[in-house]
Amino acid sequence: MTHMLWLYCFVFLLPTESCRMLCQVANKSKEKISARPHGVCDGVCVDNSHCSQPCPPDTQGNTGFLCRQKKWHKITETCRTLNAFNIFETNSYSVQPFGGNTIVKEYARKSETITDMLMQKCPEDLSCVLRNIRQSPRIPGNIAVIVQLLHNISTVLLTGVDEAKMQSYSIMANHILNSKSISNWTFIPERNSSCVLLHSVNSFARKLFINKYPIDISDVFIHTTGTTISRDNAGKNFTFSMRINDMGSEVTGRVLIGRDELQKVPAPSQAISIAFPTLGAILGASLLENVTVNGLVLSVILPKELKRISLIFEKISKSEERRTQCVGWHSLESRWDQKPCQIIQENSQQAVCKCRPSKLFTSFSILMSPHILESPILIHITYIGLGISICSLILCLIIEALVWGQVTKTEISYLRHVCITNIAATLLMADVWFIVASYLSGPVTHHSGCVAATFFVHFFYLSVFFWMLAKALLILYGILIVFHTLPKSVLVAALFSVGYGCPLLIAAVTVAATEPSKGYLRPEACWLNWDMTKALLAFVVPALAIVVVNLITVTLVIVKTQRATIGSSMFQEVRAIVRISKNIAILTPLLGLTWGFGIATVTDDSNLAFHIIFSLLNAFQGFFILVFGIILDPKIREALKRRVTSAKWVSRISECGALVYATWGSSHRRVNALPVLSNISRKHEAVLDSGAL
């Protein structure tokens, strides 16, 4: 009996003591883990190294860090409190003595299991998880769990979505769309979680059944409205007014369906619209996009027959200095796209967009450029400079016409002045068409006129560059080819082919290739498109290539000038430096080197100083051509002086003739005096032509 008692104690008490020891070890280990500070990595911080830390007690998951500049920065977090046990209001799945923990871990690991349990516990209205979801902290792990839950619900429920289910679904989404949770979206490892949320809400709303009465489900950060439409309606609109955060004022958005569009609906159909005040910021934060959504995100679920709707967005940031774009969310590529929308009207308060909904595009909004694209200073510089430039170019052409016969006596001077005259003429036309294009650009774009203006602006500005290239090639021809000369007619034909033929070919191909698909123009201005078709490259690539060639030409001129002064005296070297500086000053505007400064505005688009310098150099280019290409040319000055002097002599002789006429008074004497005056005038002109004066 005693042996049996000892055996009983050994069998039952030993495991108990072992359990006590194991519990003590576990508690010590837990205390050690809890004592470690959370959010701080233990390892040495080496640039681009990673480390992972466990989450605080009562949460599952871990936090990832990246070392930058000798400091640890949090980049990911999966800490969560929600799992298959505590997400439900009534916990019917109690812990079992054997294997219970395994079930908990499996449910927590597979969020679709939560969906299956949800469909079993409250399939009528999905409300059995709402209280605990509302009470859960909006930490990254919980946000990811709720996003996955919403995605699975929208996938599992194929039909039978009524107002009660939509109400519960909206409450779940509203919890993680809260403005206070935006920063936590950046730490979710799955960067596309916000895209999944948008797609899931739209997919679930598409299955919503609207009975006789309209549906209006309004939460703070998501608002759903639905109604039936038919061709008998005069028009439909959905109006939303929502707060972006707790402190800000309300921002409105409207979806308008015109009467003409409703005539395309063959039978009564459903129309649903959803507004999100914070989703735009969440999409930007989670995808790390360098764009700013400046209005509500409006989703529309419409019959496929409706191809065009109007949307009115009140701006969150009411700034007149930033460009607005109407965009649609590309559901496959997870990005904002300008293709389905165009801006119709805009002011500092709101923007009106025309959009084409489809399977790819069901959500729309407006974007605000992160940088200031237009400044009042730049606008004033541009238009004042253009006015001065146009007047200067007209004066250039007048002077060239006055002195043409005097300055084009040699072949090289003739070709040089052909280039200068055509540069001035094409730049004058380009500036005029630029002003026309600016007038046509506006809230309501005149499409046909805008296409024509863009074509001519593109053609004439390209012509300016190609005539500058022709002048550079002429300089190279004079420097490099000394003993072989081409006939004058061949050179003139070559210059005109380069100056007008190449730009015409490029401009024509560009408009022919992009305009049929409506990708020739920018939505907001009469200029070449960039976002859709990259048509702007048809101007940028030739212009920059010509600037590079012309820069090489100027370098060769400088080298050629320096070689002539090697071994010369100090005085001659100083004269050479002055001559080099003069050559650079003359050739820079004539060869368009100031346009090379545009590279700085591309590399640093936010720097206003670069834009101001670029605008000053190029808006006043016509003035620079007048000064450095015409006025500083000694031959033109001399010819102009002769012309003016000749005009003065003729004027004086005419005055003398009038005096003689008045003094003599008799017709006989007047007849005899006129041949004398005529002979004096002819002799004076002969002297001027001979160059003696």
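This passage describes the disulfides, the nonpolar cores and one helix pair of a predicted model.

A search of the whole structure finds six disulfides. Three of them are described here, beginning with the pair C55 and C79. The sulfur atoms of C55 and C79 are 1.9 Å apart. The link between C55 and C79 is left-handed, with -90 degrees about the S-S bond. This pair links distant parts of the chain, 24 residues apart. C55 sits in the loop between β1 (50-54) and β2 (62-68). C79 sits in the loop between β3 (71-77) and α2 (100-109). C55 has a relative accessible area of 7%. That value is under 20%, so C55 counts as buried. C79 has a relative accessible area of 4% and is therefore buried by the cut-off of under 20%.

A disulfide also joins C341 to C355, with an S to S distance of 2.1 Å. The torsion about its S-S bond is about 115 degrees, so the link of C341 and C355 is right-handed. C341 belongs to strand β14 (residues 341-346), whereas C355 belongs to strand β15 (residues 350-355). The disulfide therefore ties together parts that are 14 residues apart in sequence. Both C341 and C355 are buried.

C450 and C526 form another disulfide, their sulfur atoms 1.9 Å apart. The torsion about the S-S bond of C450 and C526 is -130 degrees, and the link is left-handed. Distant parts of the chain are linked here, 76 residues apart. C450 lies in helix α13 (residues 447-480). C526 lies in the loop between α14 (488-514) and α15 (537-563). C450 and C526 are both buried.

Two other cysteines can be set side by side by accessibility. C195 has 8% relative accessibility and counts as buried, because the cut-off is under 20%. C502 has 31% relative accessibility, so it counts as partly exposed, between the limits of 20% and 50%.

The nonpolar interior comes next. In soluble globular proteins, nonpolar side chains tend to be buried together. The largest nonpolar core of this model has 57 residues. Within this core, L118, I153, M172, L177 and F276 touch the most other members. Helix α5 (residues 140-156) supplies the largest share of the core, seven residues. Leaving aside residues up to four places away in sequence, I153 touches T115, L118, L126, Y169, M172 and F204. L118 and M172 thus appear both among the contacts of I153 and among the core residues that touch the most other members. Another core, of 55 residues, lies apart from the largest one. Its members include V403, L440, A507 and I546.

Helix α5 also packs against helix α8 (residues 193-206). The angle between the two helices is about 30 degrees, and their axes are 9 Å apart. The crossing of α5 and α8 is left-handed. On the α5 side, the contact involves V147, L150, H151, I153 and S154. On the α8 side, S193, V196, L197, S200, S203 and F204 take part. By class, this contact has six nonpolar and five polar residues. No charged residues occur in the contact of α5 with α8. I153 takes part in this helix contact and is also a member of the largest nonpolar core.

How values were computed: Residues numbered from 1 in each chain as written. Predicted model: local features only at pLDDT ≥ 70, side-chain atom pairs only at ≥ 80, totals over all residues. Heavy atoms only, no water. Disulfide = S-S within 2.5 Å. Helix = DSSP H or I, 4+ residues; strand = E, 2+ residues; numbered from the N terminus. Buried < 20%, exposed > 50% of the residue type's maximum accessible area, 1.4 Å probe, protein only. Core = buried A, V, L, I, M, F, W, Y, C linked by side-chain atoms within 4.5 Å. Contact = heavy atoms within 4.5 Å. Axes fitted to C-alpha atoms, helices over the stretch in contact; angles between N-to-C directions. Left-handed = near helix turned anticlockwise from the far one by under 90°. Nonpolar A, V, L, I, M, F, W, Y, C, P; charged D, E, K, R; others polar.
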